[in-house]
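Me: Before we go through the assignments, please show me the model, and then let us ask of each label what justifies it.

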Amino acid sequence: MSEERESEFAFNTLTGDLAMLVGFVGMGGSGKTRSAIRWGTGVASVHNGPLVVIDTEAGRALHHHKRHGGDFEFEHIHFEAPYSTRRYLSAINFAMKNGAGCIIVDSWSHEHDGIG
């Protein structure tokens, strides 16, 4: 940005909490969960809170936890049916109330394609 030009745009000063909604998309087995956990580990460290994984995939995220031979530390919420919007929100609120630095929901597709 060495050359200043007039523009209708300006940089905003960002203050306060920042919320992000990020989606990881790929074929089954392509590494979405691992990538999300790796990304979330960095985000949680900046926000000084634990990474929380809300796992609707029968505990598959646990394969990436250090206690199970994986590379990452995180809090794990085993999330089963019914997969209602209200229950997803309840799990997210629980994680937030307990100081989550980053929350990963793996997977959200059950909300519209699962039981409940």
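**Labels and their grounds**

Reply: Proline 82 sits in the loop between S2 and H2, and the peptide bond that leads to proline 82 from alanine 81 is cis, with omega near 5 degrees. Please keep in mind that this is a predicted model.

Me: What is the overall order of elements in which these labels are placed?
Reply: Read from the N terminus, the elements follow the order α-β-β-α-β-α, and the protein has 3 helices and 3 strands. Of its 116 residues, 28% count as buried.

Me: Which residues does the other cis peptide bond join, aspartate 106 being one of them?
Reply: Aspartate 106 and serine 107 are joined by a cis peptide bond with omega at about 15 degrees, and serine 107 belongs to the loop between S3 and helix H3 (110–113). Most peptide bonds are trans.

Me: What makes the phi of asparagine 48 worth a remark?
Reply: Asparagine 48 has a positive phi, about 55 degrees, although it is not a glycine. Most residues other than glycine have a negative phi. Asparagine 48 lies in the loop between H1 and S1, and because its relative accessibility of 71% is over the 50% cut-off, it counts as exposed. Alanine 58 likewise has a positive phi, near 55 degrees, in the loop between S1 and S2; with 68% relative accessibility, set against the cut-off of over 50%, alanine 58 is therefore exposed as well.

Me: Why is the contact of arginine 34 with aspartate 71 called a salt bridge?
Reply: The closest N and O atoms of arginine 34 and aspartate 71 are 2.9 Å apart, which is within the 4 Å that the term requires, so the pair qualifies. Arginine 34 lies in helix H1 and aspartate 71 in the loop between strand S1 (51–55) and strand S2 (75–78), so the salt bridge ties together parts that are 37 residues apart in sequence. Arginine 34, at 34% relative accessibility, counts as partly exposed, and so does aspartate 71, at 45%.

Me: How many salt bridges does this rule give?
Reply: The count comes to 2. One of them pairs glutamate 57 with arginine 60, whose closest N and O atoms are 3.0 Å apart and therefore within the 4 Å limit. Glutamate 57 has a relative accessible area of 16%, and because this is under 20%, glutamate 57 is called buried.

Me: How do you know whether tryptophan 39 is buried or partly exposed?
Reply: Its relative accessibility is 31%, which lies between the cut-offs of 20% and 50%, so tryptophan 39 counts as partly exposed. Tryptophan 39 is found in helix H1 (residues 32–46), and together with Met20, Val22 and Phe24 it makes a nonpolar surface patch of about 340 Å². A patch residue needs over 30% relative accessible area, and the 31% of tryptophan 39 therefore meets that requirement.

Me: What makes up the lining of the largest pocket?
Reply: The largest pocket holds about 1200 Å³ of space, and of the 37 residues that line it, the closest to its centre are Val22, Trp39, Ile103, Ile104 and Val105. Two or more lining residues come from each of H1, helix H2 (85–97) and strand S3 (102–106), with H1 giving the largest share, 6 residues. The lining divides into 18 nonpolar, 13 polar and 6 charged residues.

How values were computed. Residues numbered from 1 in each chain as written. Predicted model: local features only at pLDDT ≥ 70, side-chain atom pairs only at ≥ 80, totals over all residues. Heavy atoms only, no water. Patch = residues over 30% accessible without salt bridge, like charges linked within 9 Å, V, L, I, M, F, W, Y side chains within 5 Å. Areas by Shrake-Rupley, 256 points an atom, 1.4 Å probe, with all protein chains shown as cover. Salt bridge = Lys/Arg side-chain N within 4 Å of Asp/Glu carboxyl O. Helix = DSSP H or I, 4+ residues; strand = E, 2+ residues; numbered from the N terminus. Buried < 20%, exposed > 50% of the residue type's maximum accessible area, 1.4 Å probe, protein only. 1 Å grid on protein atoms, 1.4 Å probe; cavity = no way out; pocket = protein on both sides within 12 Å on 5 of 7 lines; lining within 4 Å. Points joined across faces, edges and corners; volume = space filled by probe spheres on them. Nonpolar A, V, L, I, M, F, W, Y, C, P; charged D, E, K, R; others polar.
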